[in-house]
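Hi,

Here is the structure I promised to pass on. Have a look at it first, and then read my notes below.

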Amino acid sequence: MLSTNNTNNLPGLNILRFQDSDLNLMGILPLLAEEFPSWGLDRLKSYIRLVLKQETNGILVAKNNSLYNVGLLIYSMQDIINKDFPINDKKEFSKCLVVENLISSSPVLEKKVYLQLTNRAVDIAENNSCEIVELPRFNSSFDLVKKKYEKKIVNSDGWRTFIKINKILTANKEL
């Protein structure tokens with residue numbers, strides 16, 4: 001079952017965490033099929049099972065008020081070399097929440113969906129003592145994300161974009 005929604009969402013959009021017990025993958029498969037059009041149903045299901053196999057990985061689903069899935073974010077937590085964005089000079093690696101896939105079903109909703117999914121990813125990163133969130137390279141779909149996190153964005157000219165996490169929170173934002 002999907003977990004409870006975030007009260008910090010913009011009106012009309014709820015972000016829920018897809019749970020390992022959600023054996024009915026049919027709700028998110030159309031979004032994944034858009035991202036991976038050459039993959040068959042079995043390969044898509046295998047990918048979801050592989051993602052959910054690791055406890056530190058997760059899937060976030062954006063739903064509109066009609067409970068239609070309008071977006072998807074797949075993430076993992078990794079240790080990355082922090083030479084390009086030193087956070088702590090004494091540490092060679094930083095704990096990072098890596099956004100593996102970020103998908104929106106509609107170009108009209110894309111900016112809003114990306115912002116809300118990114119907000120939730122930052123919450124998860126904070127709750128798991130991450131120092132960085134790694135996102136795909138920014139394009140115009142990330143305009144709202146850029147505006148909100150502009151002072152925390154590091155290294156946005158490369159293949160990926162990074163948001164620096166300034167504080168570590170307790171589980172009050174936990175999904």
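What follows is a short tour of the fold, the cores, one helix and the salt bridges.

A word on the source: this is a predicted model, where local features need pLDDT of at least 70, side-chain atom pairs count only at pLDDT 80 or more, and totals for chains, interfaces and linings use all residues. Residues are numbered from 1 along each chain as its sequence is written, and side-chain values use heavy atoms, with hydrogens and water left out.

The chain has four helices and seven strands (DSSP runs numbered from the N terminus: helices are H or I of at least four residues, strands are E of at least two). Their order from the N terminus is β-α-α-β-β-β-α-β-α-β-β. Of the 175 residues, 47% are buried (under 20% relative accessible area; exposed is over 50%, partly exposed in between, with a 1.4 Å probe and protein chains only).

Now the inside. The largest nonpolar core (buried Ala, Val, Leu, Ile, Met, Phe, Trp, Tyr and Cys residues joined through side-chain atoms within 4.5 Å) has 28 residues, and Leu 73, Leu 97, Leu 117, Val 133 and Val 145 touch the most other members. Helix α3 (110-127) is among the elements that each supply at least two residues, and α3 gives the most, with eight. A second, separate core of 18 residues includes Phe 18, Tyr 47, Val 61 and Ile 103.

Tyr 47 is also one of the buried residues of helix α2, together with Leu 44, Ile 48, Val 51 and Leu 52. Seen down the axis, these fall within an arc of 125° (taken from the directions from the helix axis to the C-beta atoms), so they line one face of α2. The face turned away from them carries the exposed residues Asp 42, Arg 49, Leu 50 and Lys 53.

Finally, there are three salt bridges (a side-chain nitrogen of Lys or Arg within 4 Å of a carboxyl oxygen of Asp or Glu). Two of them involve Asp 143: one with Lys 111 at 3.3 Å, the other with Lys 146 at 3.9 Å. Lys 111, Asp 143 and Lys 146 are thus linked in a network. Asp 143 and Lys 146 sit three residues apart in helix α4, which means about one helical turn between them. Glu 134 and Arg 160 pair at 2.9 Å, and both residues are buried. Glu 134 lies in strand β5 and Arg 160 in strand β7, so this bridge ties together parts 26 residues apart in sequence.

Enjoy exploring!
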